[in-house]
Amino acid sequence: MKPRVAVVGAGWAGLAAAVELADAAELTVYEAGREPGGRARCLGRDEDRFDNGQHILLGAYAECLRLMRKVGAEPDHLLRRLPMQWLRQGGLDMRCPRLPAPLHVAAGLLLARGLSWGDKGRLARALDALKRAGYRLPADVGVESWLLRHGQSEALLRDFWRPLVASALNTPLRQASMRVLAAVLRDSLGAGRSASDLLLPMQNVSALFPQPAWRWLGERGVELRLGQRVAAIAPGDGRPRVDEAEYDAVIAAVAPYHADALLAEPALRQRAAAYRYCPIATVYLRYGQSPRLPAPMLGVSGGAADWLFDREALCGEAGWLAAVLSAPASLPPQAELVRAVAEDARRVAPWLGEPQQSKVIVEKRATFASEVGLNRPDVRLAWPGMYLAGDWAHPEYPATLEGAVRSGVAAAAAVKLDLRMEP
């Protein structure tokens, strides 16, 4: 007889755990929202649907890609793969060729435009210092402190490091953990060439994994409870409970601020309280003509947005582009923000007029802040049969899709091991 297991939360972490357990357990998945996907899904209805942020994957996202394939979402059809490139209008223009690692980064930096030879040397030395250290730091420090110690210029901070940290960690440079950034660089620029490839969605983000996984789970007889909010997860009488239902194991795949309310565990509550959060604003603009941006993804040096995305070129959404502002210190009123992003767009595509339509989505707690010295929780909770999943529970990654998926896979593996389930 298969053990009874519950997964609470159908974000990317919860879905990953559920997919890994579907064939080995009598499984129930609880999701409070109307759709699966958590903070990385498509919002709205009918024609008024927009991604809750413009998500980027990397070639290094091995677990995301593996589980996409497992549920029938073929990455080659859903993601546009581009060699690592760093395009900043009026600033750094770096395109890494398809050469074996690490030659691809060396060649890209050597041929880069918008950087002085001195800055090219400074950036190369900083990256080499990380590599020689095995991408490990004896003690965690702030990214800004580490960069200044390694002689990075203001031009490098503006056009390379700040956009990188904003995209990867969604945390201001001064507070961001260098140890976390080193883990990201280790698995991307420091790995095989394809690991640093940019994977840009060609469909809405829900179509990448949440919707295919939800269908796949339903086809395997998993009990899917959409729109059901769980009040409490408790240890019960020897078996954990989700509200009044008993299970052999429960995975809480929820954000820290929900874990605090669902799980009355003092040690976890203390850790969850230490997490702080950073917003992401996404501005969608629709024009009466094709944007025809010079690249599907690029930025503007000193611009309002971190990155612009040509949604027509990527997803076939006629006239649309998207702009992302990661961890902004403050946001102006929406009308001013739209005007500023439209000006960024005109800098890279002067033929564009005024946008005909706009949509601004601000996620105030889009990600946890990857700060120095953050004490992450373990996959196993204090009570037997209770487990934790979520990007915040990954031991070293920032709040990324890959971190969420890896945490879900780890939670499922722990359940299988503890319940002695068949692999």
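This passage describes the annotated span, nonpolar cores, a buried glutamate and the aromatic contacts of a predicted model.

According to an unreviewed UniProt entry, the annotation "domain: Amine oxidase" covers residues 13-415. In the model, the C-alpha atoms at the two ends of this span lie 14 Å apart. Helix accounts for 34% of residues 13-415, and strand for 22%.

The largest nonpolar core comprises 102 residues. Those with the most contacts inside this core are W12, W161, L181, F209 and I251. Leaving aside residues up to four places away in sequence, L181 touches V143, W161, L164, V165 and L169. Another core, of 24 residues, lies apart from the largest one and has A6, A259, L263 and L388 among its members.

W12 also belongs to helix α1, which is formed by residues 12-21. This helix is mostly covered, with 10 of its 10 residues buried. The buried residues of α1 include the charged-type position E20 as well as W12, L15, V19 and L21.

A second glutamate, E402, is found in helix α14 (residues 401-418). E402 counts as buried because its relative accessibility is 0%, the cut-off for this class being under 20%. The side chain of E402 reaches two backbone nitrogens: that of E63 at 3.1 Å and that of C64 at 3.0 Å. Not counting residues up to four places away in sequence, the contacts of E402 are A60, Y61, A62, E63, C64 and Y397.

A pair of aromatic rings is described by the distance of the centres and the angle of the planes. The count in this model comes to 10 aromatic pairs. In one of them, the ring centres of F160 and W161 are 4.9 Å apart and the planes stand at 90°, so the pair is edge-to-face. F160 is buried at a relative accessible area of 4%, and W161 is buried at 0%. Both residues belong to one aromatic cluster, together with W86 and W307.

The pair of Y275 and F368 is also edge-to-face, because the ring centres lie 5.5 Å apart with the planes at 80°. Y275 is located in the loop between α11 (266-273) and β15 (277-286), and F368 in strand β19 (residues 357-368), so the pair ties together parts that are 93 residues apart in sequence. Y275 and F368 are both buried.

Aromatic rings also lie beneath arginine side chains. R292 lies over the face of W351, at 4.7 Å from the ring centre. The charged end of R365 sits over the ring of Y257, at 3.6 Å from its centre.

Definitions and conventions. Residues numbered from 1 in each chain as written. Predicted model: local features only at pLDDT ≥ 70, side-chain atom pairs only at ≥ 80, totals over all residues. Heavy atoms only, no water. Core = buried A, V, L, I, M, F, W, Y, C linked by side-chain atoms within 4.5 Å. Buried < 20%, exposed > 50% of the residue type's maximum accessible area, 1.4 Å probe, protein only. Contact = heavy atoms within 4.5 Å. UniProt positions renumbered as here; feature names shortened; annotations may be inferred. Helix = DSSP H or I, 4+ residues; strand = E, 2+ residues; numbered from the N terminus. Polar contact = N/O pair within 3.5 Å; in protein donor to acceptor, adjacent residues only side chain to side chain. Phe/Tyr/Trp six-rings, centres within 6.5 Å; stacked < 30°, edge-to-face > 60°. Lys NZ or Arg CZ within 6 Å of the ring centre and 35° of its normal.
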